[in-house]
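Visitor: Could you walk me through this model, one feature at a time? I would like the general idea and then the case at hand.

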Amino acid sequence: MVPTNYYLVLSAILFGLGVVAFVFKRNIIAIFMSIELMLNAVNLAFVAFSQAKHQSDGQVFVLFVIVVAAAEAAVGLGIIILTARNRQSLNVEKVNLLKL
Amino acid sequence: MTAQLAIFFILAVIAVLGALSLIFQRHPIHSALSLIVVMVALAGLYLLMGADFVAAVQIIVYGGAIMVLFIFVIMLLNAGIEERTDVSKLAGIAGIPLAVALLGFLAAAVARSSESAQGSGQMALASTKEISTMLFREFVYPFELTSFLILVAILGALVLAQRDN
Amino acid sequence: MNAFLFANATLIITLVKVALLLFIVLTVNAYLTWFERKVVAHMQSRWGPHRVGPHGLLQPLADGAKFLLKEDPTPAGVDKFTYFLAPLMALALALTSIAIIPFGPNPLPWKIWGQDVYLGITNLNIGILALFAITALSVYGVALAGWSSNSKYPLLGGLRSSAQMVSYELALTMSVVGVLLMAGSFNLRDIITAQSHHLERGIFGWNVWPQILGFFCFFIAAVAETNRVPFDLPEAESELVAGFHTEYASFKFAMFFIAEYTSMITVSCLCTIMFFGGWLSPIPELPWLHFTHYLPSAILIPFGLWVIWDGIRYETIFGRVVLPAIGTVITAIGVVLAVFPAVNEFVQGPFWLLAKIGTFLFIYVWMRGTLPRFRYDQLMSFGWKLLLPVSIANVVITAFVLLMRGPQ
């Protein structure tokens, strides 16, 4: 059997890589994808705990996280399309009209 | 090294490589494909833990719908290779070692914790039946709220993406 | 050596089954193209392939040789990784879906190395859900192929085709929920078992009668999923050159081709398993009807004799040799089935399953030869405004009826 810790360490690594991608990428769609990676890492932790405690609550919550991620992706990509149309670029550093 | 441990390590390595590929690929389509690889690897891990319904839903919804949406948007916006802009040198020199140290500390703390309960493989009861029973009994209020949430998201996406007439 | 075989029996048997099934599926694919060309041709009052080998039976081999030997150019400016990934993904996913389908109810009459060998590679508890997961992932093959080709027609065809597939996926999954409610499980074997509670009703015990609405929704949505006529605008020859696979040449095009026909076979298998009783016989299981168990022999022996008779009078020498040989083999199989009752009982399940799958494949090809294609906006409005509400209504009605009937 695989100890639960192994799953949690993997989840932490994936979450950390998601944060690194979020900070270092300049393409707005790639930043959005790193958010999805972080959500997936959290899902893994949920299912690992659900298996350790022999309860299904974790799996039910994973379903909710997936649904919320879907809704967020829909609206977020709508915003991305608008931003790309307005600034003619997918580089987040170009969205700087409010900069001093 | 049992078969389960071997499969876990293979899937974990695939997931981490996919995440690294997401960071280091320059074209957003390749990042999207790497993310799909990560999701399928995670679905494999859910299957390993005995959560087969969640694994199937992960592939159908996340891998088959959300990532398709991402790929459509990348195609429609004609996204190209990322431009090289200057990255702060301080971030590279001080940031990466600090991040690795933080990650190592976190991983060590998690690994040493008393939650080293041995996961016992398969779930005792039928996965889908139990989840659906919970969904309609204890979690019925969040369940109905998510339907409302999806409606709001659809309306929002429609309003945002329509052209000005 | 013996101990090694016994210890790893499951793994070795599964690998052998996988190799065998791959070979069978690819051969069936090849001869499905022959079947399609012949049937469509006869519907159009012409002959179809009949020069290459007797009755055109070697045409698939010629096509295969052409695909392997033709030049395989890579257009300039394509995204190399995605260009090579797309047909690979389409083919791998289509072939994976065959692993989930059960082909017979009983294991082989003898045990191999102490293991019961069932007909079918896996027996997943989430069978249907896994098939839908594979269907969901196969959208990528089309979308990525269209985009990576760096050309207008493939991009348009790929986007349209993937939008169509995503839209009809919803109706596909909803139309199956009625069957799942009645069977109580995602497992394909359990779905067939749930239809076998009233074997004395024969054909009237199948799921298609209570779920007729669900069946039509499922079949139409499945035809749209596999991009077949009348929903094949994204790859229509006269509209978009060849849609998303315009820029793909010999072997990569063959991969898309095989993927499409394999998904046709998978959908036919699903239709028979979920709505038409799978391996259950349409003839009621009454004691005085036991003679109908000899139906496979009754079909195979006359067919074999006809093939022999036709072969003896065939025009080419090759035909005069090969066709009687094939006819003899078919007749021999029919005689073996008639003489050995144990083998006959074992063959009953797979025989009916294959007969029903063949019927559905014929219906697919029939539609190809008969129907005009939908315009794209008609297609999308049909999927969202008609098919999806009807399949949701089917779920509600089924749930209501099951609730009224109470627990059984």
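Guide: Let us begin inside chain C, where 12 residues of domain 1 of chain C are in contact with nine residues of domain 2 of chain C. Two residues are in contact if their C-beta atoms, placed from the backbone, lie within 7 Å. The model is predicted, so local features need pLDDT of at least 70 and side-chain atom pairs count only at pLDDT 80 or more, while totals for chains, interfaces and linings use all residues. Residues are numbered from 1 along each chain as its sequence is written, and chains are lettered from A and ligands numbered from 1 in the order in which they are written.

Visitor: Which helices supply at least two residues each of the side of domain 1 of chain C that touches domain 2 of chain C?

Guide: Helices here (H or I, at least four residues) are DSSP runs, as are strands (E, at least two), numbered from the N terminus. On that side of domain 1 of chain C, α1 (2-7) and α2 (9-43) of chain C each supply at least two residues. The most comes from α2(C), with 10 residues. By class, that side of domain 1 has 10 nonpolar, two polar and no charged residues. Ala, Val, Leu, Ile, Met, Phe, Trp, Tyr, Cys and Pro count as nonpolar, Asp, Glu, Lys and Arg as charged, and the others, Gly among them, as polar.

Visitor: Where do the two domains of chain C run in the sequence?

Guide: Domain bounds come from an automatic or database domain assignment. In chain C, domain 1 covers 1-64 and domain 2 covers 70-114 + 123-280 + 387-408. Taken over C-alpha atoms, the centres of domain 1 and domain 2 of chain C are 20 Å apart.

Visitor: How should I read the packing of α8(C) and α13(C)?

Guide: Axes are lines fitted to C-alpha atoms, for helices over the stretch in contact, and angles run from 0 to 180 degrees between N-to-C directions. For helix α8 (residues 212-225) and helix α13 (residues 376-405) of chain C, the angle is about 145° and the axes are 9 Å apart. The crossing of α8(C) and α13(C) is left-handed, a term used if the near helix is turned anticlockwise from the far one by less than a right angle, with right-handed for clockwise. Among the residues making the contact are C:Leu213, C:Gly214 and C:Cys217 of α8(C) and C:Gly383 and C:Leu387 of α13(C). The contact divides into seven nonpolar, four polar and no charged residues.

Visitor: What is found in the loop between α8 and α9 of chain C?

Guide: C:Asn227 has its place there, with a positive phi of about 60° although it is not a glycine. A residue is buried if 20 or more other C-beta atoms lie within 10 Å of its own, exposed if 12 or fewer, and partly exposed in between, with C-beta atoms placed from the backbone. C:Asn227 is buried because 24 other C-beta atoms lie within 10 Å. C:Pro230 is also in the loop between α8 and α9 (250-275) of chain C, and a cis peptide bond with omega of about 5° joins C:Val229 and C:Pro230.

Visitor: Is A:His54 buried or exposed?

Guide: A:His54 counts as exposed because it has 12 C-beta neighbours inside 10 Å. A:His54 is in the loop between α2 and α3 (57-87) of chain A, and its phi is positive, about 60°, although it is not a glycine.

Visitor: What is A:Ala30 in contact with, leaving aside its neighbours within four places in sequence?

Guide: The contacts of A:Ala30 are A:Ala21, A:Lys25, B:Pro28 and B:Ser31. A:Ala30 belongs to helix α2 (residues 28-53) of chain A and is buried because 28 other C-beta atoms lie within 10 Å.

Visitor: Which chains share the most contacts?

Guide: Of the two pairs of chains in contact, chains A and B share the most. No contact joins chain A and chain C, and their closest C-alpha atoms lie 15 Å apart.

Visitor: How much confidence does the predictor give chain B?

Guide: pLDDT is the predictor's confidence in each residue, from 0 to 100. Where pLDDT is low, the predicted coordinates should not be read in detail. Chain B averages 84, and 85% of the residues score at least 70. Among the elements of chain B, helix α2 (residues 28-49) has the highest mean pLDDT, 94, and helix α4 (residues 89-112) the lowest, 77.
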